[in-house]
Amino acid sequence: MRVGIILTYGSSQRRGGLSGHAKRQALLKGFELLMAGENALFDALTEFAERTTRKSGRYNWPHFGALRNFLYKDLSYREGLDKFRELMHRYVADRYPIVPGTVVFGKEVKERRVHTLTSARKHLQVRRDLFEEILIDGNLGHRDESGAFVLDGILTVEAVEELKEVTSRFLSRKEVAGFLGISENVVKDLQKRKVLRPRTGKDHWERKGYDTAYLQGMLERIFEGTRVFRTAPDGYYTLSDVTRRAQCRVADIVQMILSGHVKATGRIGQDLVLRNLLVSKAEVSEALSQQPRNGFTKGELAQRWSIGRPKLNRLIETGVLRQKWMKHSRSRITGMLVPVEDVKAYEREMRKSPNGASTQTVD
């Protein structure tokens with residue numbers, strides 16, 4: 001069945017193609033055919049909308065201006081078209097983001113049926129960049145060659161409601177701290193070390209961007225094989241206690257557990273939160289002593305290069321070597337250290353010199 005006569009009229013009206021009598025005959029025949037098949041009508045309207053240039057203006061459905069004008073301005077054709085107006089109203093309201101209260105083909109839209117990206121993310125209370133990623137995960141959108149987001153299809157009210165569960169999975173930094181059982185400062189520290197990675201919003205730690213599924217998976221890796229204790233066994237402590245005894249940070253221990261250098265032994269209570277975790281102080285200290293060196297004291301360099309303090313001081317004074325206030329990765333003592341990168345650079349230059357002093361390899 002051909003249902004395109006009314007749509008042909010819509011296009012030709014702007015081009016001035018049909019005479020008055022021809023318009024009348026085409027429209028009456030078109031309406032007769034259109035009334036016979038709702039699905040065919042909707043398919044034809046969709047095809048027409050896809051090949052019609054969208055106009056700017058106050059209407060959310062500018063493709064059908066000619067139809068709208070015909071139904072409401074040409075009084076000689078208005079009788080007997082109530083069914084067609086109802087179908088047009090339903091088609092537009094079901095496929096375009098019409099704001100409630102808008103009159104569409106003679107009937108007011110009582111409630112929203114389709115969302116825009118903006119109205120959907122405001123309804124879900126999620127920022128734009130994260131919402132785009134969620135839509136891409138759900139095969140509801142994609143990025144073009146330039147990286148711009150492209151929505152695929154229609155964001156119906158039902159589809160947006162189904163996304164509530166997904167968007168609720170994403171937490172802010174404060175919420176992550178409660179979820180993991182640590183402070184917000186530890187969350188920041190873990191993110192700087194790339195142990196925690198928010199899905200989006202990397203420059204805005206306070207924004208929702210951490211996926212609870214990812215966080216739960218991390219906790220399960222940390223607590224794998226742990227036993228439940230009422231009190232900590234000898235030599236085992238909670239993370240906060242170990243950081244004081246081993247002069248390190250919570251992020252140091254978490255990072256070493258995830259990298260396999262330290263194994264969590266148990267936990268106080270059933271809850272998988274980091275404040276309940278138990279680790280061996282001796283094992284943490286041993287793992288810390290094997291961490292990559294970050295700097296050298298003057299005494300370590302004097303012994304390493306077999307040179308006197310005056311020469312070492314001259315290297316520092318002339319800018320060949322720098323000194324920075326930092327915590328020694330081996331001794332865990334905070335003080336003025338020469339960064340390891342400066343030591344490596346100086347030793348490379350010494351090896352190039354024929355009369356250069358013998359040096360060791362930085363370990």
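Buried residues account for 42% of the 363 residues in the chain, and the model you are looking at is a predicted one. Its secondary structure consists of 18 helices and 15 strands. If you like contact maps, here is a handy number: of the contacts between residues at least 6 apart in sequence, 59% join residues at least 24 apart.

**The nonpolar cores**

In soluble globular proteins, nonpolar side chains tend to be buried together. Here the largest nonpolar core holds 34 residues, and the members touching the most other members are L180, L196, I253, L274, L277, V279 and V284. Several elements each supply at least two residues of this core, as the table shows.

| Element | Residues |
|---|---|
| α10 | 173-180 |
| α11 | 184-192 |
| α12 | 212-223 |
| α13 | 239-246 |
| α14 | 250-258 |
| β12 | 277-280 |
| α15 | 281-289 |

Helix α14 gives this core its largest share, six residues. What does L180 touch, once residues up to four places away in sequence are set aside? Its partners are L196, L215, M218, L219, V273, L274 and R275. Two of those names, L196 and L274, also appear among the core members that touch the most others.

There is also a second core, separate from the one above, with 15 residues. Among its members are L87, M88, A93 and Y96.

**An aromatic pair**

How many aromatic pairs does the count give? The answer is one. W305 and Y346 form this pair, with their ring centres 4.7 Å apart and 45 degrees between the planes, a tilted arrangement. W305 sits in helix α16 (residues 298-305) and Y346 in helix α18 (residues 340-352), so to speak a link between distant parts of the chain, 41 residues apart. Are these two residues buried or exposed? Both W305 and Y346 are buried.

**Two crossing helices**

Two packed helices are described by the angle between their axes and the distance between the axes. For helix α6 (residues 117-124) and helix α7 (residues 128-137), the axes come within 10 Å and cross at roughly 100 degrees. Angles of 65 to 115 degrees count as roughly perpendicular, and α6 and α7 are therefore roughly perpendicular to each other.

Which residues make the contact between α6 and α7? From α6 come L117, A120, R121 and L124, and they meet R128, F131 and L135 of α7. Sorted by class, this contact has five nonpolar residues, two charged ones and no polar ones.

Definitions and conventions:
Residues numbered from 1 in each chain as written. Predicted model: local features only at pLDDT ≥ 70, side-chain atom pairs only at ≥ 80, totals over all residues. Heavy atoms only, no water. Core = buried A, V, L, I, M, F, W, Y, C linked by side-chain atoms within 4.5 Å. Buried < 20%, exposed > 50% of the residue type's maximum accessible area, 1.4 Å probe, protein only. Helix = DSSP H or I, 4+ residues; strand = E, 2+ residues; numbered from the N terminus. Contact = heavy atoms within 4.5 Å. Phe/Tyr/Trp six-rings, centres within 6.5 Å; stacked < 30°, edge-to-face > 60°. Axes fitted to C-alpha atoms, helices over the stretch in contact; angles between N-to-C directions. Parallel < 35°, antiparallel > 145°, perpendicular 65-115°, else oblique. Nonpolar A, V, L, I, M, F, W, Y, C, P; charged D, E, K, R; others polar.
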